Amino acid sequence: MFAVVRTGGKQYRVAAGDKIAVEKLAGEAGDTINLGDVLLAGDGDKLADAAKTVVSAEIIAQAKSEKVLVFKKRRRHNYRRKNGHRQQMTLLRITAVGDSKAEKKAAPKKEAAPKAEEAKKPATKAAPKRDESEAKAAPAAKKAAPKKDAAAKAAPAKKPAAKKAPAKKSEDK
């Protein structure tokens, strides 16, 4: 099954397993997102209802595209400017293209399994509490050290200014 989705002002024809580079999307590598703006969906020659189609993708990486050089010049005015730009982009792997009903049925099964595993795990023990005297002494020591460092950084050693020798006048004969 394939779909045409719109993201970042551009349109992409995608199928399950495709890798695409799109404008930057929020998320970390490994996160799963749904591309909601589906314009067209179909399977071979048959078209499906695009409103019911959901395209899910996994973020592979957040990266930058190739550098584009921007050069401006105005003739006969000695004006030249050269800049570079690298656009932020997100690399996606399309995991599934299908109906929203099929996605909803599959999702609860995946969520039910982790809950059972969490129940089997033993509860973690709380860290032992420190004495009040230790708790008060530790922050005081930490606060004192940065003040000394800040004082050293604030007053760097100044070098004496070099004195210039007076210029000698030469006499012409």
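Author: A residue counts here as buried under 20% relative accessible area, as exposed over 50%, and as partly exposed in between. The model we are looking at is predicted.

Reader: Thanks! Which class does that give for E23, with its relative accessible area of 23%?

Author: Buried would need a value under 20%, and exposed a value over 50%. E23 has a relative accessible area of 23%, which lies in between, so the class is partly exposed.

Reader: With which residue does E23 form a salt bridge?

Author: The closest N and O atoms of the salt bridge are 2.7 Å apart. The pair links distant parts of the chain, with E23 in strand β3 and a partner 13 residues away in strand β2. That partner counts as partly exposed, at 39% relative accessibility. The residue that pairs with E23 is K10.

Reader: Let me step back to the whole fold. In what order do the elements run from the N terminus on?

Author: Happy to oblige! The secondary structure comes to two helices and ten strands. Both helices follow the strands, and the order from the N terminus is β-β-β-β-β-β-β-β-β-β-α-α.

Reader: What share of the contacts with a separation of 6 or more comes from residues 24 or more positions apart?

Author: Contacts here are pairs with heavy atoms within 4.5 Å. Among those in the protein with a separation of 6 or more, residues 24 or more positions apart account for 65%.

Reader: And what percentage of the 173 residues is buried?

Author: Let us take the surface beforehand: the protein exposes about 14900 Å², and carbon and sulfur atoms supply 53% of this area. Of the 173 residues, the buried share is 17%.

Reader: Which residues touch the most other members of the largest nonpolar core?

Author: In soluble globular proteins, nonpolar side chains tend to be buried together. The largest nonpolar core of this model has 18 residues. β1 (2-7), β2 (10-15), β3 (19-23), β4 (32-35), β5, β7 and β10 (88-99) each supply at least two of them. The members that touch the most others are V14, L35, V55, L92 and I94.

Reader: Which residues is V55 in contact with, leaving aside neighbours within four places in sequence?

Author: V55 is one of the residues that touch the most other members of the core. Neighbours within four places in sequence are left aside, and the contacts of V55 are then A3, V5, V14, I33, N34, L35, V38, I94, A96 and V97.

Reader: Which side chain does the side chain of S56 make a polar contact with?

Author: S56 lies in strand β7, which covers residues 53-64. With a relative accessible area of 7%, under the 20% cut-off, S56 is buried. Its side chain makes a polar contact at 2.9 Å, and the partner is the side chain of T95.

Reader: How many residues apart in sequence are the parts that D37 and R6 tie together?

Author: The side chains of D37 and R6 meet in a salt bridge, 2.8 Å from N to O. D37 lies in the loop between β4 and β5 and R6 in strand β1, so the parts tied together are, in sequence, 31 residues apart. As for accessibility, D37 is at 33% and R6 has a relative accessible area of 39%. To return to your number, the separation is 31 residues.

Reader: Which residue does E58 meet in a salt bridge?

Author: The structure holds three salt bridges. In the one with E58, the N to O distance is 3.6 Å. The pair links E58 in strand β7 with a residue in strand β10, 35 residues apart. E58 is partly exposed at 26%, and its partner, partly exposed at 30%, is R93.

Reader: Which residues make the nonpolar surface patch of about 250 Å²?

Author: One member, L40, lies in strand β5 (residues 38-43). L40 is partly exposed, with a relative accessible area of 34%, and patch residues need over 30%. The patch of about 250 Å² is made by L39, L40 and L47.

Reader: One last thing: in which loop is the place of R76, and of N78?

Author: Both have a positive phi without being glycine: near 60° for R76 and about 55° for N78. R76 is exposed at 72% relative accessible area, and N78 is exposed at 69%. The place of R76 and of N78 is the loop between β8 and β9.

Conventions. Residues numbered from 1 in each chain as written. Predicted model: local features only at pLDDT ≥ 70, side-chain atom pairs only at ≥ 80, totals over all residues. Heavy atoms only, no water. Patch = residues over 30% accessible without salt bridge, like charges linked within 9 Å, V, L, I, M, F, W, Y side chains within 5 Å. Areas by Shrake-Rupley, 256 points an atom, 1.4 Å probe, with all protein chains shown as cover. Salt bridge = Lys/Arg side-chain N within 4 Å of Asp/Glu carboxyl O. Helix = DSSP H or I, 4+ residues; strand = E, 2+ residues; numbered from the N terminus. Buried < 20%, exposed > 50% of the residue type's maximum accessible area, 1.4 Å probe, protein only. Polar contact = N/O pair within 3.5 Å; in protein donor to acceptor, adjacent residues only side chain to side chain. Core = buried A, V, L, I, M, F, W, Y, C linked by side-chain atoms within 4.5 Å.
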